[in-house]
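Colleague: Got a minute to walk me through this one? I'd like the overall picture and then some detail.

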Amino acid sequence: MTDTNTETGGQAEASPTAAQAKKTRRGLPESTKRILLIFAGVLVLLGSVYGFYATSDAFDERTPVLVAARRIEVGETVSAADLTSDQVLAGSIPHIPWSPSAPAQFEGMVAAQPIARGAVVLGEMFVEAHTTAVGPELELDIPLDLTMATDTVSERDPVLLVDPGAEPTPDDEGRPRRVIRQYELTNFDGSRMQLFLPPEEWAEWEKLVEDAGGTLMVIDLGLGADAEETTERLNAVWLAQWTEAAAEMAAALADVAPAAGPGELEIIVALDDGLVPSGVSEGDTVLLVDPGRAPEGNDPGREMSVIGLLELENYVDGVMQMFVPPEEWHYWLTLPVVLGADPLVLPVPPGTDVDDMAARLDAEWRAAWEAFAAAALGPEPG
């Protein structure tokens, strides 16, 4: 009996707890269940999205490449800001992989073809600005003399470009050697430099090379050398050298007095520069002019006229020393007697058409003489 009661008592004690649990489970509202289900669904969805993004890069075959940030026209100079990156399925398509430094390699280059916005950029789409004519630029080849370079010079080296100068001669005073400017060697092939320049700069460089005799010398700058200081010192040395040479040449010429050659005679010819307010000087080319003679009485006189062309040599203060063959000597000796006065001179500017100038002067002088003669002689008797 005792065991049976104990068993029965245990069951009686357990029965209220089980009943309470059942009551609790039956008491959970349906709305709460739905909220819990929705919350669980959201968690599953968020987990799925996170998992997709966490694993999507592993399956993305796109790669960042260099592209045009805007439309670029032919001949435009580009900057790094004109290029950007984009994700594309490059595959076997030629491209330049994107990196922060990639746009900088095209800075200052010129577009060789139109490039649409967003188009993949390739190196062959651009050229260096100094390697081809852009817009109205003109090409100029400059021969270079490297005999004064102290080391090997290469493309883009900073150098001094030098006018080689010219030694004084009896016929030309020459010019001192001098540094023209500092410049970076551009399109340099070892003996010449090729430039592409706007018309104004092209004309400036062309004259500079022409004045230098057609070739520029090259001097490289030593380590740590200051270009301006080096230029000043070189120019000072070269000017002193040329000044000394010019003085020696002048002294040598002064020691050599003009003299008659074989078969020549000396004569001193007086020339009248009264028609030239500023006068004439040694080396001038002049027209020799018959001063003419005014009508007088029954003498009709004669008009002024051009009688020759003469280069003034050994000429000082209206007098010219000449050494000529006997026939020419006789001409100059009797010319003042024939003309009745010293011949006049008129300078001829360089580039003048001498024959045209002489013909026009003769025409004017003849018309003036005819008018003066008509007035002096009066009307013919009726």
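Modeller: Sure, one term before we start: two strands count as paired if DSSP finds at least two bridges between them. By that rule, β6 and β7 (residues 178-184) pair in the antiparallel sense, over six bridges. Bear in mind that this is a predicted model.

Colleague: Which residue stands opposite Pro158 in that pairing?

Modeller: Glu184 in β7 stands opposite Pro158.

Colleague: And how many bridges link β6 with β9?

Modeller: Four, again in the antiparallel sense, and β9 covers residues 216-220. There, Leu160 stands opposite Ile219.

Colleague: Is β6 largely enclosed or open?

Modeller: Largely enclosed by the rest of the structure, because five of its six residues are buried.

Colleague: What about Asp163, buried or exposed?

Modeller: Asp163 lies in β6, which spans residues 158-163. Its relative accessibility is 4%, and the cut-off for buried is under 20%, so Asp163 counts as buried.

Colleague: What does the side chain of Asp163 have a polar atom 2.9 Å from?

Modeller: The backbone nitrogen of Gly165. Leaving aside neighbours within four places in sequence, Asp163 also touches Arg175, Arg177, Arg178, Ile180, Asp211 and Ala212.

Colleague: Changing topic: in what order do the strands run in the open sheet with β14?

Modeller: The order is β10-β14-β13, with antiparallel pairing. At the edges are β10 (265-270) and β13 (315-316), each pairing on one side only.

Colleague: How many bridges join β13 to β14?

Modeller: Two, and β14 takes in residues 319-324. Tyr315 has Met320 in β14 as its bridge partner.

Colleague: Which helix lies across β10 and β14?

Modeller: That's α5, residues 326-339, running at about 25° to β10.

Colleague: Zooming out, how many helices and strands does the chain have?

Modeller: Six helices and 15 strands. Of its 382 residues, 24% count as buried. For contacts with a separation of 6 or more, 70% are between residues 24 or more positions apart.

Colleague: How much of the accessible surface belongs to carbon and sulfur atoms?

Modeller: 57% of about 24,600 Å².

Colleague: Last thing: what's the average pLDDT?

Modeller: The chain averages 84, and 86% of the residues score at least 70. Over residues 1-14, though, the pLDDT is below 50, and that stretch has zero contacts in the model beyond near neighbours in sequence. Where pLDDT is low, the predicted coordinates shouldn't be read in detail.

Definitions and conventions: Residues numbered from 1 in each chain as written. Predicted model: local features only at pLDDT ≥ 70, side-chain atom pairs only at ≥ 80, totals over all residues. Heavy atoms only, no water. Contact = heavy atoms within 4.5 Å. Axes fitted to C-alpha atoms, helices over the stretch in contact; angles between N-to-C directions. Buried < 20%, exposed > 50% of the residue type's maximum accessible area, 1.4 Å probe, protein only. Areas by Shrake-Rupley, 256 points an atom, 1.4 Å probe, with all protein chains shown as cover. pLDDT = per-residue confidence, 0-100. Polar contact = N/O pair within 3.5 Å; in protein donor to acceptor, adjacent residues only side chain to side chain.
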